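Hi,

Here is the structure I said I would pass on. Have a look at it first, and then read on for what turned up in it.

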Amino acid sequence: LARIESGWELPFLLLRLNDPVDPVRERATAAVRARLAVGHAALLVQLLPLIEGLGTRRRAGPIVRAIGDLLVRGDPAGRAALWAGARSTDAAVAASCLRLLATVDPAGAVEHAVGTGDPTLRHWAAAVATARTLDPAVQQRLLSLLEADPNPRIRWRVLRARTRHPGSEPYLRRALLDRDARVRYLARASLRDLGHTGSAELYRATLADADATHDAIVGALAGLADMGTRADSARLVAFLDHQSVPVRGEAWRTLAVLDPDAFAARVKQLRADRSGKVRRHLR
């Protein structure tokens, strides 16, 4: 294998980096080092998932770390090959490339990962973007890319990172209308820590605002279910036949939470709703 130089032998040599027999391991290490010297960046990038796995092995660790350093900090061709790998259709290769790139260019790696739309890469990007060790200015820029992510766990993580920065109040107030209960709770708790109260009044004001978006109305209804009282049930009636299915569904759920008697009195109206997503609240 060491005498072959066509490229197909490299994966097998890499596997032998962890060989328990010293002479075999040493010969494989020498062969891999020789190939690093002449440049096999593109091939190494395609083998990064294998290389990362070997990195957890005690015997192979040092040479595997050398390969990573070569790609990200050595020949510029290595960095170019990593960016090409990040655009690969092979999800494992793309993820491995982005993990290496994040060690030298976290902002670029996160922006690329978010742009792919891949759920797994977005979760990884959120972990990088919210790390406490990240430069605060870079972090605030990256958080803006993720704060409207469709995954509520990512939105919660981003909001928690926001609380570590000055001037977080506008983001917290906006998160009060989030559809996810955990995000809303974090926003309310963080605002209380800053000395602000009145979240319930924001929910009521949003429901009274004729220009409120459908998403804002859903968030306000959900927030009122968290903090409202039976007296708020009258505010919900106008939304029980709203044109938006999510708004109607959330209005019925909130009514059931705040005023079960009023909900029971209108159950015929709920049964007649044209959407199964709304009628499911009959349960």
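**What turned up**

Histidine 165 sits in the loop that joins α11 to α12 (169–175). One thing to keep in mind from here on: this is a predicted model. Histidine 165 has a relative accessible area of 11%, so it counts as buried. What does histidine 165 touch, once its neighbours within four places in sequence are left aside? The answer is Pro136, Gln139, Gln140 and Leu143.

Two of those contacts bring us to helix α10, where Gln139 and Leu143 are buried along with Leu142 and Leu146. These four span an arc of only 110 degrees around the axis, which means they are on the same side of α10. That fits a general point: an α-helix has 3.6 residues a turn, so residues three or four places apart point the same way. The buried residues of α10 pack against α8, α9 and α11. At the start of α10, aspartate 135 has a side-chain oxygen that comes to within 3.1 Å of the backbone nitrogen of alanine 137.

Next along is α9, which covers residues 119–129. Its buried residues are Leu121, Arg122, Trp124, Ala125, Ala126, Val128 and Ala129. They pack against α7 (91–101), α8 (106–116), α10 (136–146) and α11 (152–162). The start of α9 has its own side-chain-to-backbone approach: a side-chain oxygen of aspartate 118 lies within 3.0 Å of the backbone nitrogen of threonine 120.

Trp124 also leads into the nonpolar cores. The largest nonpolar core has 48 residues, and the members that touch the most others are Leu14, Val32, Ile51, Ile67, Leu71, Leu82 and Trp124. Take isoleucine 51 from that list: beyond its neighbours within four places in sequence, it is in contact with Leu14, Leu44, Val64 and Ile67. There is also a second, separate core of 29 residues, and Leu159, Leu172, Trp252 and Val278 are among its members.

While you are in the first part of the chain, look at isoleucine 63 in helix α5 (residues 61–73). Is isoleucine 63 buried or exposed? Its relative accessibility is 4%, so it counts as buried. Not counting residues up to four places away in sequence, isoleucine 63 touches Leu17, Val32, Arg33 and Leu36. With arginine 33, the C-alpha to C-alpha distance is 8.0 Å, although the two are 30 residues apart in sequence.

Two other residues can be set beside it. Glutamate 26, in helix α2 (residues 22–38), is exposed, with a relative accessible area of 53%. Its C-alpha atom is 13 Å from that of glycine 61, 35 residues away along the chain. Glycine 53, in helix α4 (residues 48–55), is partly exposed at 37% relative accessible area. Between glycine 53 and serine 96 there are 10 Å from C-alpha to C-alpha, and 43 residues in sequence.

Now for the rings. How many aromatic pairs are there? The count comes to two. One is tryptophan 8 with phenylalanine 12, an edge-to-face pair at 5.8 Å centre to centre with 75 degrees between the planes. Phenylalanine 12 is partly exposed, at 42% relative accessible area. In the other pair, tryptophan 252 and phenylalanine 263 have ring centres 5.8 Å apart and planes at 85 degrees, so this pair is edge-to-face too. Tryptophan 252 belongs to helix α17 and phenylalanine 263 to helix α18, so the pair ties together parts that are 11 residues apart in sequence. Both of these residues, tryptophan 252 and phenylalanine 263, are buried.

The loop between α17 (245–258) and α18 (260–265) holds aspartate 259. Aspartate 259 counts as buried because its relative accessibility is 8%. Apart from neighbours within four places in sequence, aspartate 259 is in contact with Arg230 and Ser233. With arginine 230 there is a polar contact, side chain to side chain, at 2.6 Å.

One last ring to look up is tyrosine 171: arginine 162 lies over its face, at 3.7 Å from the ring centre.

Cheers

Methods. Residues numbered from 1 in each chain as written. Predicted model: local features only at pLDDT ≥ 70, side-chain atom pairs only at ≥ 80, totals over all residues. Heavy atoms only, no water. Helix = DSSP H or I, 4+ residues; strand = E, 2+ residues; numbered from the N terminus. Buried < 20%, exposed > 50% of the residue type's maximum accessible area, 1.4 Å probe, protein only. Polar contact = N/O pair within 3.5 Å; in protein donor to acceptor, adjacent residues only side chain to side chain. Contact = heavy atoms within 4.5 Å. Phe/Tyr/Trp six-rings, centres within 6.5 Å; stacked < 30°, edge-to-face > 60°. Lys NZ or Arg CZ within 6 Å of the ring centre and 35° of its normal. Core = buried A, V, L, I, M, F, W, Y, C linked by side-chain atoms within 4.5 Å. Arc of directions from axis to C-beta.
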